[in-house]
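User: Please take me through the fold of this protein, working from the model shown here.

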Amino acid sequence: MSLSDDENRYDGDDGHCMFCKRTIHQPIIKPGMRADDYMLMLNNISADKGCMAASQKYTKYFSWVLLSWNLVQKIVDVLDKLVESEDPVIEVFAGAGWLSYFINSLLRRSGSGITVVPSDTAAKGEYGSWFQHDHSYAPIDILHVDALEHVQQAKPKVLMMSYPNRNSNIACEVVKRFVDLGGHKLIYYGEMKEGMCANDNFFDYLNLFEATEIIPYEELDNWFGFHSSCMLFDFNKPRFNASIVIDPRSLKNDTLNNWLNMCCDELKLKNAFNHNFENFEELTSYISKDRYQTPSYEIKELINGISIALDLDVKSITHSI
Ligand SMILES: C[S@@+](CC[C@H](N)C(=O)[O-])C[C@H]1O[C@@H](n2cnc3c(N)ncnc32)[C@H](O)[C@@H]1O
């Protein structure tokens with residue numbers, strides 16, 4: 001079975017990439033193929049990572065993650081350290097399921113009892129046009145549930161996601177729900193802030209916690225023009241002292257407004273910004289203006305300064321937001 005050419009924008013008439021003119025490897029899928037053969041097939045397409053037609057074929061039909069056994073092995077090593085065999089591990093936004101499929105395959109080979117359960121809504125709804133071909137899908141069961149619902153049901157301690165949709169808040173909502181439900185480690189593969197994934201809210205939230213590279217950035221395979229990272233975020237390890245974040249949009253909230261107004265009056269916010277704010281409007285405009293540079297840090301520092309000075313219970317404030 002091979003991909004039909006009609007939807008391949010970068011394929012030239014002669015079956016070569018329109019840009020680099022190289023021959024495009026057609027994926028060959030045979031019944032009963034094993035994980036190694038599938039990996040070989042995907043590696044054949046990705047052989048030339050600078051080729052736009054190959055990049056399009058791979059990301060449109062199979063996976064945004066540029067898969068290799070090296071990548072999968074590194075993730076498996078992390079899972080082995082983090083997870084007890086009976087603990088649920090889920091992959092949301094799993095697309096065609098290849099990452100979970102290869103991870104599970106290596107886990108089984110190593111005799112591990114851990115299994116990653118992938119989910120995605122791609123097979124229905126507005127994403128129905130993605131990964132619609134039978135041969136796009138990895139030979140693994142993918143739950144067709146919304147990511148939030150999957151997290152809610154499974155309550156995993158370890159969550160995986162790759163290439164969450166750009167300009168969408170869903171990844172942020174999912175990760176916050178995951179942490180609320182007691183989850184503490186996120187294995188993330190994709191571009192970072194201002195790249196092709198999720199939105200600022202998501203990365204501002206992740207920025208509050210310690211992160212380590214699962215594979216050093218320079219060693220990770222990338223398509224031409226892509227800048228993927230593979231990271232482990234640890235929600236048990238906040239990078240800042242205070243333990244709450246304020247989304248500037250929540251400043252519209254009356255309770256919070258009143259509370260911040262009060263703090264502004266009392267403190268002039270010296271601790272937070274080393275700057276005197278004469279009134280609440282000045283403070284909010286400062287935060288909004290600055291949020292594109294170092295939003296989380298500034299806002300955290302603000303809250304930290306206020307809460308230390310007033311000896312407030314930070315957690316109770318979190319709930320009131
Ligand atoms: C850019 S694709 C990445 C897919 C896969 N991780 C990969 O690397 O190939 C984003 C995926 O998220 C899925 N998605 C978007 N919103 C979702 C939601 N609310 N619940 C579940 N899946 C969702 C889409 O169906 C799509 O398959």
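Analyst: A residue is called buried if 20 or more other C-beta atoms lie within 10 Å of its own. The model is a predicted one.

User: What share of the residues of the protein count as buried?

Analyst: The protein has 321 residues, and each can be judged by the cut-off just given. By that criterion, the share that counts as buried is 35%.

User: Which strands stand at the edges of the sheet?

Analyst: The 6 strands form an open sheet with mixed pairing, and their order is β2-β1-β3-β4-β6-β5. Each edge strand has a single partner, so one side of it is left without a neighbour in the sheet. The strands in that position are β2 (116-118) and β5 (209-215).

User: Which residue stands opposite threonine 212?

Analyst: β5 pairs with β6 (residues 229-238) in the antiparallel sense, over 6 bridges. Within β6, the residue that stands opposite threonine 212 is leucine 232.

User: What angle does the direction of helix α4 make with that of β2?

Analyst: Helix α4, residues 98-109, packs on the sheet, where it touches β1 (89-92), β2 and β3 (158-162). The direction of α4 makes with that of β2 an angle of about 160°.

User: Why are the buried residues of α5 on the same side of the helix, and what covers them?

Analyst: In helix α5, which spans residues 147-154, the buried residues are Ala147, His150, Val151 and Ala154. These residues lie on the same side of α5 because they cover an arc of only 95° around the axis. What covers them includes β1, β2, β3 and α6 (170-180).

Definitions and conventions
Residues are numbered from 1 along each chain as its sequence is written. This is a predicted model: local features need pLDDT of at least 70, side-chain atom pairs count only at pLDDT 80 or more; totals for chains, interfaces and linings use all residues. A residue is buried if 20 or more other C-beta atoms lie within 10 Å of its own, exposed if 12 or fewer, and partly exposed in between; C-beta atoms are placed from the backbone. Two strands pair if DSSP finds at least two bridges between them. Helices (H or I, at least four residues) and strands (E, at least two) are DSSP runs, numbered from the N terminus. Two residues are in contact if their C-beta atoms, placed from the backbone, lie within 7 Å. Axes are lines fitted to C-alpha atoms, for helices over the stretch in contact, and angles run from 0 to 180 degrees between N-to-C directions. The arc is that of the directions from the helix axis to the C-beta atoms.
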